[in-house]
Amino acid sequence: MKRPPWKKLVALAAGLALSASAAAPAGAQTAERSQSDAPASAAEIVAAMQPGWNLGNSLDAQCCSEGADETAWGNPRVDDTFFRDIKAEGFNSVRIPVSWGNHTGPAPDYTVEPKTMARVQEVVDLALAEDLYVMINTHHDSWQWLTHMPTKHDEVLAQYDATWTQIADTFKDYPRELLFESVNEVSFTGTSGNEESHRHIAELNSSFHEIVRSSGGVNADRLLVLPTINTGADQVHMDALVTEIEALDDPMLAATTHNYGFWPFSVNVAGYTTYNEEVQGLLEESFQSQVDTFVSQGIPVIIGEYGLLDNYDNKVERGEYLKFFEHFGHLARTSGITTMWWDNGTHFDRFMREWRDEEQFGYITRGWTGRSGTASSDLVFVDSSSKIKDRSVTLNLNGLKFKKLKFGNTTLRSGSDYTRYGNKLTLKAKLLKSVLGDREIGSSAELQVIFSGGMPWKLHVVTSEDPAVEDATGTNESLAIPTTFNGNQLATMESVYDDGTAAGHHSWTTFPEYWDDFRPDYEAGTITLTKRYLDSLKDGEPVSLTFHFRSGQALEYTVTRDGSAVTGTA
């Protein structure tokens with residue numbers, strides 16, 4: 001394979017003759033520095049990696065079928081300009097998940113396909129050439145075959161060792177800007193509990209450490225990244241990892257966890273429809289526990305994946321998830337923990353090379369240096385027919401100052417258009433009437449709250465009336481309930497039997513999961529109860545539903561499943 005630019009510079013540093021016309025890319029200086037200067041500490045490397053981004057669903061997408069390449073999950077092949085664009089967006093590191101299993105030969109050698117290894121090398125070279133730190137791992141191998149370690153211990157360990165032996169040998173002379181992560185989100189099938197699970201992951205991490213360190217070259221002191229069980233931040237798992245790291249007695253180690261927020265908020269279940277104080281507090285506790293457990297002991301932390309769970313933009317109200325990303329960035333910056341945004345192609349359009357949601361990206365990037373202001377909501381509902389009244393929201397200044405309120409290019413006037421007392425911002429009835437015009441149901445206007453720094457907070461003023469639902473019939477495949485939303489948005493659904501117990505797929509909560517159990521279609525004018533939800537209902541027992549809307553209104557409804565037939569009554 002052709003030598004990447006950083007290898008040419010290493011050769012130059014060693015006094016080997018190279019063509020004077022071989023220009024060095026931006027990343028080459030980093031590679032040369034790593035080879036000639038004293039290596040940075042683990043903490044210094046991890047700090048320099050902030051902020052980071054994931055090349056998800058690319059080299060890890062090779063897991064799905066033999067012969068499938070990095071386009072298998074819908075993303076294009078990485079080309080020689082791709083990481084230049086990622087670097088230009090402000091990132092200093094990329095995590096490149098790699099799934100090796102379906103590109104590995106049989107026992108006893110478990111040989112990785114040469115073309116697969118060569119492609120991983122090529123992508124790593126491209127990232128290093130753009131002056132990015134790079135982290136590679138064993139990714140979906142965790143659930144493909146590593147999970148079977150309790151019942152196939154020797155076989156799994158043999159394949160794991162063979163895989164990392166080949167990776168370590170291939171990359172042993174790469175610069176220290178390349179990191180190795182032992183495994184991704186591994187859990188073990190059929191263990192007796194945490195003690196056995198901790199023993200298995202400790203064995204994998206220890207074997208990984210021994211293989212890499214004994215392989216020579218830069219691997220002798222390359223930064224190695226070790227995860228917890230499931231790469232989670234549960235205290236019991238973090239404590240176990242601290243014990244592992246202490247036993248390895250190696251200063252060039254970092255811990256890694258993942259964070260997808262508080263699960264009920266991230267998927268909108270159990271009534272967690274807003275980024276409320278409880279949810280905020282749980283995120284703060286998660287960061288603080290990692291500081292207390294790792295950072296305070298001199299172990300740097302990389303949150304190798306973060307975000308909200310798939311389809312969150314359909315499940316979680318927009319302003320609420322923007323508040324999560326704003327808060328997350330603040331906690332990362334103030335805790336000194338490096339974060340790597342999980343992106344499987346959902347965020348950065350790899351074909352068009354642009355962000356699918358520029359506003360969301362704006363909240364993330366501003367979090368790298370400071371805070372943005374938010375408010376109690378980004379929705380202000382105004383009745384379409386009754387007399388308009390003043391509407392108020394509570395500002396979350398986040399240490400900033402309120403500067404002004406704008407409608408389009410017009411700066412609105414304090415006193416006549418709005419008032420502000422402390423954190424309470426009141427929109428005057430006169431202003432609401434002006435921006436909404438004829439108040440057609442569903443019409444809206446956008447105001448912007450401008451703070452002394454960060455992103456402007458958008459207030460969507462919406463004209464609405466009371467929603468309404470109608471009787472419906474269907475089958476257990478789905479029940480589409482005719483709904484007149486009248487400008488409203490569905491927040492959640494409550495579901496109980498006559499005795500007050502929870503009815504639905506999640507028996508532990510009376511509030512089913514948004515989208516997976518029920519979903520609104522504002523264009524079609526329906527709320528659909530899904531097969532998963534309907535199949536979970538007791539046959540012949542009526543279920544009382546309450547549809548809660550973001551304006552504060554609620555509608556009662558009854559649904560009954562009788563075999564495969566389902567009826568709904570308003």
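A search of the whole structure, which is a predicted model, finds three cavities of 30 Å³ or more. The largest cavity holds about 70 Å³ of space. Its lining is made up of Gln 50, Tyr 306, Phe 325, Phe 328, Gly 329, Ala 332, Arg 333, Thr 339, Ile 364, Gly 367 and Trp 368. Helix α13, residues 318-335, contributes the largest share of this lining, with five residues. By class, the lining of the largest cavity comprises six nonpolar residues, four polar and one charged.

The second largest cavity encloses about 50 Å³. It is lined by Arg 318, Gly 319, Leu 322, Glu 359, Tyr 363, Asp 378, Trp 457, Lys 458 and His 460. At least two lining residues come from each of α13, α14 (358-366) and β19 (457-464). Helix α13 therefore takes part in the lining of the largest cavity and in that of the second largest, where four charged residues are found beside three nonpolar and two polar ones.The largest pocket contains about 920 Å³ of space. Of the 40 residues that line this pocket, Glu 185, His 258, Asn 259, Tyr 260 and Leu 309 lie nearest its centre. Elements that each supply at least two residues of the lining are α6 (141-144), β6 (253-259), α11 (277-293), β7 (301-306) and α12 (312-315). The greatest contribution to the lining of the largest pocket, five residues, is that of α11. The lining divides into 15 nonpolar, 18 polar and seven charged residues.

The largest nonpolar core consists of 113 residues, and Phe 83 and Ile 96 have the most contacts inside it. Leaving aside residues up to four places away in sequence, Phe 83 touches Leu 55, Val 78, Val 94, Ile 96, Val 123, Leu 126, Ala 127, Glu 130 and Leu 132. A second core of 24 residues is separate and includes Ile 481, Met 493, Tyr 533 and Leu 545.

Two of the residues touched by Phe 83, Val 94 and Ile 96, belong to strand β2 and point one way from it, while Ser 93 and Arg 95 point the other way. These four residues of β2 are all buried. Strand β2 (93-96) runs parallel to β1, to which it is joined by three bridges. In this pairing, Asn 54 of β1 (52-54) has Arg 95 in β2 as its bridge partner. Strand β2 also pairs with β3 in the parallel sense, over four bridges. Here Ile 96 stands opposite Ile 136 in β3. Ile 96 is thus found both among the residues with the most contacts inside the largest core and in the pairing of β2 with β3.

A further sheet is open and is formed by four strands in the order β11-β13-β17-β16, with antiparallel pairing. Its edge strands, each pairing on one side only, are β11 (374-375) and β16 (418-421). The antiparallel strands β16 and β17 (residues 424-427) are joined by four bridges. One of the bridge pairs sets Arg 420 against Leu 425 in β17.

Several backbone features lie in loops. Most residues other than glycine have a negative phi, and most peptide bonds are trans. The peptide bond from Gln 50 to Pro 51 is cis, with omega near 0°. Pro 51 is placed in the loop between α3 (42-48) and β1 (52-54). Gln 50, on the other side of this bond, is one of the residues that line the largest cavity. A cis peptide bond also leads from Ala 107 to Pro 108, with omega near 5°. The loop that holds Pro 108 runs between β2 (93-96) and α5 (114-128).

Positive phi values occur at two residues that are not glycine. Asp 131 has a phi of about 65° and is located in the loop between α5 and β3 (133-137). With a relative accessible area of 27%, Asp 131 is partly exposed, as the value falls between the limits of 20% and 50%. For Asn 486, phi is about 55°. The place of Asn 486 is the loop between β22 (478-484) and β23 (490-497). Asn 486 counts as buried because its relative accessibility is 18%, which is under the limit of 20%.

Key:
Residues numbered from 1 in each chain as written. Predicted model: local features only at pLDDT ≥ 70, side-chain atom pairs only at ≥ 80, totals over all residues. Heavy atoms only, no water. Core = buried A, V, L, I, M, F, W, Y, C linked by side-chain atoms within 4.5 Å. Buried < 20%, exposed > 50% of the residue type's maximum accessible area, 1.4 Å probe, protein only. Contact = heavy atoms within 4.5 Å. Pairing = 2+ DSSP bridges. 1 Å grid on protein atoms, 1.4 Å probe; cavity = no way out; pocket = protein on both sides within 12 Å on 5 of 7 lines; lining within 4 Å. Points joined across faces, edges and corners; volume = space filled by probe spheres on them. Nonpolar A, V, L, I, M, F, W, Y, C, P; charged D, E, K, R; others polar.
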